[in-house]
Structure formats: C-alpha cells, structure tokens
Amino acid sequence: MDDTTALLVIVDAANVVGSVPDGWWRDRRGAAERLRDRLAADGLPGHSGPVDIVLVVEGAARGVEPAPGVRVEAAPGSGDDRIVELVAEAAGRRRLVVTADRELRRRVTDLGADVTGPRAVRG
C-alpha cells in the first residue's frame with residue numbers, strides 16, 4: 001500500500017516466530033514464510049483501517065519473498081537495527097512495531113512508534 005495515511009506495521013519476524021515453541025528453529029525460513037502468509041491473509045487483526053505491513057527478517061530467514069500486502073525487508077545485520085531504521089525513516093507517520101523484545105520496544109518508542117506483542121499477529 002505504501003500510503004502515508006495507512007498505519008505502518010513493522011513486524012519483528014524472529015521475535016514473533018520465536019514466541020511459540022512450535023519447532024520453528026528447524027526451519028526458520030519456512031516459519032517466516034508462514035508468518036508472512038498469515039499477515040497477507042489476515043492483515044492486522046482488530047484493525048479496520050488500511051495498513052502497510054513490513055516483515056523484517058534476518059539470518060536464516062533472509063530470502064523470504066514478499067507477498068501481496070506484505071513487504072519483506074532482509075536485514076543485512078541485526079533485525080532490530082533495521083527495524084529502528086525503518087521507524088526513523090517513517091517519522092511523521094503512524095507506526096506500530098510488533099515485538100516482545102524489551103530493548104527494541106524502548107528504542108522504537110523513543111522514536112515515537114507504538115508497540116504491541118506477538119499475539120497481535122499470531123491469532
């Protein structure tokens with residue numbers, strides 16, 4: 001969508017995938033793809049307005065392709081650092097970061113973003 005009026009939702013893939021012990025560690029890329037597909041199908045549950053979803057992947061999950069409605073950003077290094085960069089780049093826009101990582105939550109709220117936990121997108 002990439003519309004500045006849409007809520008920018010930045011999802012910490014590693015943190016969300018890692019929030020449920022379902023064997024994700026055996027196939028990190030596959031787990032990130034399943035999350036991407038859920039986001040493409042469901043958007044942000046409970047949010048009726050337009051959303052622009054960005055899934056940030058790192059490590060073994062790099063290479064995940066985008067899907068309709070979900071942009072995928074492969075972090076060249078730390079996924080957390082890339083998320084902070086994306087939040088900073090979108091200054092002046094409504095931003096929501098999906099993560100349970102305390103330090104990342106602090107970093108993005110310092111930049112004016114809102115945060116929510118993995119349950120917001122895990123269903």
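## A first look at the helices

Leu 86 is a good place to start: with a relative accessibility of 6%, Leu 86 counts as buried. This residue sits in helix H3. The model you are looking at is a predicted one, so please read every position below as part of a prediction.

Who surrounds Leu 86? Setting aside neighbours within four places in sequence, Leu 86 is in contact with Ile 10, Val 54, Val 56, Arg 71 and Glu 73. Ala 113 lies 27 residues away from Leu 86 along the chain, and their C-alpha atoms are separated by 11 Å.

Helix H3 also holds Arg 82. Is Arg 82 buried or exposed? Arg 82 is buried, because its relative accessible area is 12% and the cut-off for buried is under 20%. Not counting residues up to four places away in sequence, Arg 82 touches Val 56, Glu 73, Ala 75 and Glu 89. Val 56 and Glu 73 appear among the contacts of Leu 86 too.

**How H3 meets H4**

Two packed helices are described by the angle between their axes and the distance between the axes. Here, helix H3 (residues 79-89) packs with helix H4 (residues 102-109) at an angle of about 20 degrees, and the axes are 10 Å apart. H3 is therefore roughly parallel to H4, since angles under 35 degrees fall in that class. The crossing of H3 past H4 is right-handed.

Which residues make this contact? On the H3 side they are Asp 80, Asp 81, Ile 83, Val 84 and Val 87, and they meet Leu 104, Arg 107 and Val 108 of H4. Sorted by class, the contact of H3 with H4 has five nonpolar residues, three charged residues and no polar ones.

Another residue of helix H4 is Arg 106. Arg 106 is partly exposed, with a relative accessible area of 41%. Arg 106 and Gly 79 are 27 residues apart in sequence, and their C-alpha atoms are 15 Å apart in space.

**Helix H2 and its buried residues**

Helix H2 (residues 28-42) offers a simple check of length. At 1.5 Å a residue, its 15 residues should span 21 Å, and the C-alpha atoms at its ends are 21 Å apart, so the two values agree. Gly 30, Ala 31, Ala 32, Leu 35, Arg 36 and Leu 39 are buried in H2. These buried residues pack against strand S1 (7-12), helix H1 (13-17), strand S2 (51-57), strand S3 (70-74) and helix H5 (119-122). After H2 comes Gly 43, whose phi is positive, near 60 degrees.

**Two residues in H1**

Val 16 belongs to helix H1 and is buried, with a relative accessible area of 0%. Leaving aside neighbours within four places in sequence, Val 16 is in contact with Val 11, Leu 35, Val 98, Pro 118, Val 121 and Arg 122. Among these contacts is Leu 35, one of the buried residues of H2.

Asn 15 also lies in helix H1. With neighbours within four places in sequence left aside, Asn 15 is in contact with Thr 99, Ala 100, Asp 101 and Pro 118. Pro 118 is in contact with Val 16 as well.

**Pairs along the chain and in space**

The table gathers the C-alpha separations of four pairs.

| Pair | Distance along the chain | C-alpha separation |
|---|---|---|
| Asn 15 and Asp 101 | 86 residues | 7.1 Å |
| Val 16 and Asp 80 | 64 residues | 13 Å |
| Leu 86 and Ala 113 | 27 residues | 11 Å |
| Arg 106 and Gly 79 | 27 residues | 15 Å |

Methods. Residues numbered from 1 in each chain as written. Predicted model: local features only at pLDDT ≥ 70, side-chain atom pairs only at ≥ 80, totals over all residues. Heavy atoms only, no water. Axes fitted to C-alpha atoms, helices over the stretch in contact; angles between N-to-C directions. Helix = DSSP H or I, 4+ residues; strand = E, 2+ residues; numbered from the N terminus. Parallel < 35°, antiparallel > 145°, perpendicular 65-115°, else oblique. Left-handed = near helix turned anticlockwise from the far one by under 90°. Contact = heavy atoms within 4.5 Å. Nonpolar A, V, L, I, M, F, W, Y, C, P; charged D, E, K, R; others polar. Buried < 20%, exposed > 50% of the residue type's maximum accessible area, 1.4 Å probe, protein only. Expected span 1.5 Å × (residues − 1).
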